[in-house]
Amino acid sequence: QVQLVESGGGLVQAGGSLRLSCAASGSIFTTNIMGWYRQAPGKQRELVAIITSGGITNYADSVKGRFSISRDNAKNMVYLQMNSLKPEDTAVYYCRLQQNGNYWGQGTQVTVSS
């Protein structure tokens, strides 16, 4: 079984920063893709950023230059550094692991006030 646990969400003012963390446990493959997705009220879940086990990254256009994804393969952790936050970044942020299947965390709320 694979379990993903996110942390680091909260309330921040526009222009502020937050760092999300996701801890993966269980049967984690050496080769995988980890990523962050978000879902705002009334909207579909969308990609924020992904990173392969080799360190290749991809970002949504809306967060390029503001967010940075990183990972620690030894600890099975993935991080999302979010800077210059905007009210439109408000959403529940989910961690995802892709290997022999798709695994999701329970989500962490990020609220950006104007």
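In the predicted model, S7 is partly exposed, with a relative accessible area of 38%, and this serine belongs to strand β1. Once residues up to four places away in sequence are set aside, the contacts of S7 are with R19, L20 and S21. The C-alpha atoms of S7 and L80 lie 10 Å apart in space, although 73 residues separate the two in sequence.

The preceding residue in the strand presents another picture. E6 is likewise placed in strand β1, but its relative accessible area is 6%, and E6 therefore counts as buried, the cut-off being under 20%. When its neighbours within four places in sequence are left out, E6 is in contact with S21, C22, W36, Y93, Y94, C95, G105, Q106, G107 and T108. Of these partners, Q106 stands 100 residues away along the chain, and yet the C-alpha atoms of E6 and Q106 are separated by 7.1 Å. S21 is listed among the contacts of E6 and also among those of S7.

The strand that holds both residues is part of an architecture made up of 11 strands and 0 helices, so that the order of elements from the N terminus reads β-β-β-β-β-β-β-β-β-β-β. Of the contacts in the protein chain with a separation of 6 or more, 52% are between residues that are 24 or more positions apart. The C-alpha atoms occupy a box of roughly 40 × 25 × 20 Å along the principal axes. The radius of gyration of the chain is 13 Å, which agrees with the value near 13 Å expected because a compact globule of 114 residues would have that radius.

Burial and surface composition were examined next. Of the 114 residues in the protein chain, 42% are buried. The exposed surface of the chain comes to about 5,900 Å², of which 47% is supplied by carbon and sulfur atoms. As to charge, the chain carries 10 positive and 6 negative side chains, and the centres of these two sets are 3 Å apart.

The largest nonpolar core consists of 28 residues, within which W36, L80, M82 and Y93 have the most contacts. Two or more residues of this core are contributed by each of β1 (2–7), β3 (18–26), β4 (33–39), β5 (46–52), β7 (67–72), β8 (77–82), β9 (91–98) and β11 (108–113). The surroundings of L80 illustrate how these parts of the chain are brought together: apart from residues up to four places away in sequence, L80 touches L18, R19, L20, W36, V48, A49, F67, S68, I69 and Y93. W36 and Y93, which are in the list for L80, also appear among the contacts of E6.

A further buried position is found in strand β2, which spans residues 10–13 and includes V12. The relative accessible area of V12 is 13%, and V12 is therefore classed as buried, given that the limit is under 20%. Its contacts, leaving aside neighbours within four places in sequence, are S17, L18, L85, T111, V112 and S113. L18 is thus shared between V12 and L80. By C-alpha positions, V12 and A60 are 21 Å apart in space, with their places 48 residues apart in sequence.

Attention then turned to the loops, where two residues other than glycine adopt a positive phi. N76, in the loop between β7 and β8, has a phi of about 55° although it is not a glycine. At 26% relative accessibility, N76 counts as partly exposed. S84, which is found in the loop between β8 and β9, has a positive phi of about 50°, again without being a glycine. The relative accessible area of S84 is 39%, and this residue is accordingly described as partly exposed.

The loop between β3 and β4 contains T30. With a relative accessible area of 73%, T30 is exposed, because that class begins over 50%. The C-alpha atoms of T30 and N76 are separated by 9.6 Å, while the two residues are 46 residues apart along the chain.

Key: Residues are numbered from 1 along each chain as its sequence is written. This is a predicted model: local features need pLDDT of at least 70, side-chain atom pairs count only at pLDDT 80 or more; totals for chains, interfaces and linings use all residues. Side-chain values use heavy atoms; hydrogens and water are left out. Helices (H or I, at least four residues) and strands (E, at least two) are DSSP runs, numbered from the N terminus. The radius of gyration is taken over C-alpha atoms; the globule rule is 2.2 Å times the number of residues to the power 0.38. Buried means under 20% relative accessible area, exposed over 50%, partly exposed in between (1.4 Å probe, protein chains only). Contact means heavy atoms within 4.5 Å. Accessible areas come from the Shrake-Rupley method with a 1.4 Å probe; for residues, only the protein chains shown count as cover. Lys and Arg count as positive and Asp and Glu as negative; His and the chain ends are not counted. The place of a charge is taken as NZ of Lys, CZ of Arg, CG of Asp or CD of Glu. A nonpolar core is a set of buried Ala, Val, Leu, Ile, Met, Phe, Trp, Tyr and Cys residues joined through side-chain atoms within 4.5 Å.
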